[in-house]
Amino acid sequence: MADDLLLEKIHDLSDLELAILLCLVSREHGIISTPADTIDDLIEELQLVARKTFGLSCVVVNCHAGTTLEEFASALLHLPKPAAAAASATSTPAPRTPSLQTRPDSASYFVANPHHPRPSRGSISPLTVLTGGPGAAQIANCVLARNLDRAPRAVQIQALELLRTRRIFTRTSVQAAPKQFVFVPVLEADSGGEAHVTPHLNDFFSLAHWHDPEDGLVNLEEAADDAASMESALRSKHQDEGLAGPSISESDIGHLAQLSQQVQVDIDVVRYQMNVVSFLRMHRAVDHGITPAATKHFEKLMRCLAPLHKLDYVTPALVGLAARKVYLHRIRITSPAKERSMQWGSKLEAVQSLLEGIGPEEVIEEVLEMVTAPL
């Protein structure tokens with residue numbers, strides 16, 4: 001069971017910080033969305049969360065309809081602090097060499113150097129696997145993919161490959177993701193149920209969280225109280241954090257992950273979980289059903305939530321909380337013409353009236369009300 005000091009720190013976290021914590025503990029990834037006019041502030045808040053709360057390196061990938069695979073891959077890379085400091089301290093730039101390990105800039109992986117001709121076909125060397133040695137650019141611990149849903153399908157499939165294999169291929173190397181790695185699409189949406197990416201990639205994300213602007217942005221508001229502190233936090237790569245350290249350390253996350261694997265689930269709670277899944281699949285407003293991957297994420301999130309509440313077993317309340325996070329981005333609302341009762345002679349106007357105003361949030365709440373929880 002988690003110690004009281006760690007639990008006290010966890011209970012002081014905001015909803016956004018808890019969403020990132022659950023991703024780190026479960027070693028999964030999640031979608032975070034907010035209205036369009038709040039996304040800039042949300043990006044800054046998540047950068048502060050990654051660096052200040054969890055001590056993670058963080059990059060922002062700005063996606064749009066014209067994003068290329070090369071742009072996407074290069075934006076994932078982060079130059080470690082010592083290398084960045086050394087690069088800025090020297091006045092004479094180091095001479096370029098064809099060696100991959102000595103190139104700190106990610107652009108060199110994709111752009112042919114005019115001073116170095118391409119090697120002949122017979123002299124092409126095999127891809128080099130870069131593991132993030134000293135001074136080398138490497139994939140950041142936290143990747144915030146802004147508007148990933150607007151990126152071309154090929155880029156989103158490349159993101160899926162990164163999450164699935166924890167590697168990404170460049171023209172001349174293979175970049176491996178670090179041990180602590182979380183990939184978070186930050187999308188514009190008026191509600192959590194409207195935030196989606198390409199279907200196969202969408203199903204790979206374990207959870208989703210919609211940030212209500214009225215809930216505020218805790219870290220950004222604290223930084224705004226002191227302009228110097230905000231500039232240090234956002235523009236100076238958090239040099240002051242080396243003294244304070246993260247609130248939740250890597251060892252804390254590892255301890256919570258170990259505890260989650262020891263959580264017990266009673267057979268009645270398992271039956272309740274499966275009933276929730278069955279009712280979601282059979283709900284008349286749900287299109288394309290519920291995938292098996294969602295059920296696996298459902299079970300894992302239930303277990304990860306238990307240690308955060310100082311429990312070594314799953315309660316029905318944790319099942320409901322996990323369901324709201326796991327299925328928010330997965331449920332698609334069917335069109336009235338495709339609703340199943342139309343096959344039996346229902347009137348289109350009646351079905352339209354029935355489905356009006358129903359979104360994923362309403363479907364989940366309705367199912368949780370219909371399924372009887374064990375006592």
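**Figure 1. Pairing of strands β1 and β10 in the predicted model.** Strand β1 covers residues 30-34 and runs parallel to β10, to which four bridges join it. Within this pair, Ser33 lies opposite Trp210, a residue of β10.

**Figure 2. Helix α2 against the sheet.** Residues 15-26 make up helix α2, which packs on the sheet and touches three of its strands: β1, β9 (182-188) and β10. The direction of α2 makes about 170° with that of β10. Of the strands touched by the helix, β1 and β10 are also paired with each other, in the parallel sense.

**Figure 3. The five-stranded open sheet.** Across the sheet the strand order is β2-β6-β9-β1-β10, with parallel pairing. The edge positions are taken by β2 (58-62) and β10 (207-210); each has a single partner strand, so one side of each lacks a neighbour in the sheet. On average, neighbouring strands are turned by 20° against each other, direction ignored. For β10, the partner is β1.

**Figure 4. The whole protein, as context for the close-ups.** The secondary structure consists of 16 helices and 12 strands. The protein has 375 residues, and 46% of them are buried. Among contacts with a separation of 6 or more, 80% are between residues 24 or more positions apart. The exposed area of the protein is about 19,000 Å², of which carbon and sulfur atoms supply 54%.

Terms used. Residues are numbered from 1 along each chain as its sequence is written. This is a predicted model: local features need pLDDT of at least 70, side-chain atom pairs count only at pLDDT 80 or more; totals for chains, interfaces and linings use all residues. Side-chain values use heavy atoms; hydrogens and water are left out. Two strands pair if DSSP finds at least two bridges between them. Helices (H or I, at least four residues) and strands (E, at least two) are DSSP runs, numbered from the N terminus. Axes are lines fitted to C-alpha atoms, for helices over the stretch in contact, and angles run from 0 to 180 degrees between N-to-C directions. Contact means heavy atoms within 4.5 Å. Buried means under 20% relative accessible area, exposed over 50%, partly exposed in between (1.4 Å probe, protein chains only). Accessible areas come from the Shrake-Rupley method with a 1.4 Å probe; for residues, only the protein chains shown count as cover.
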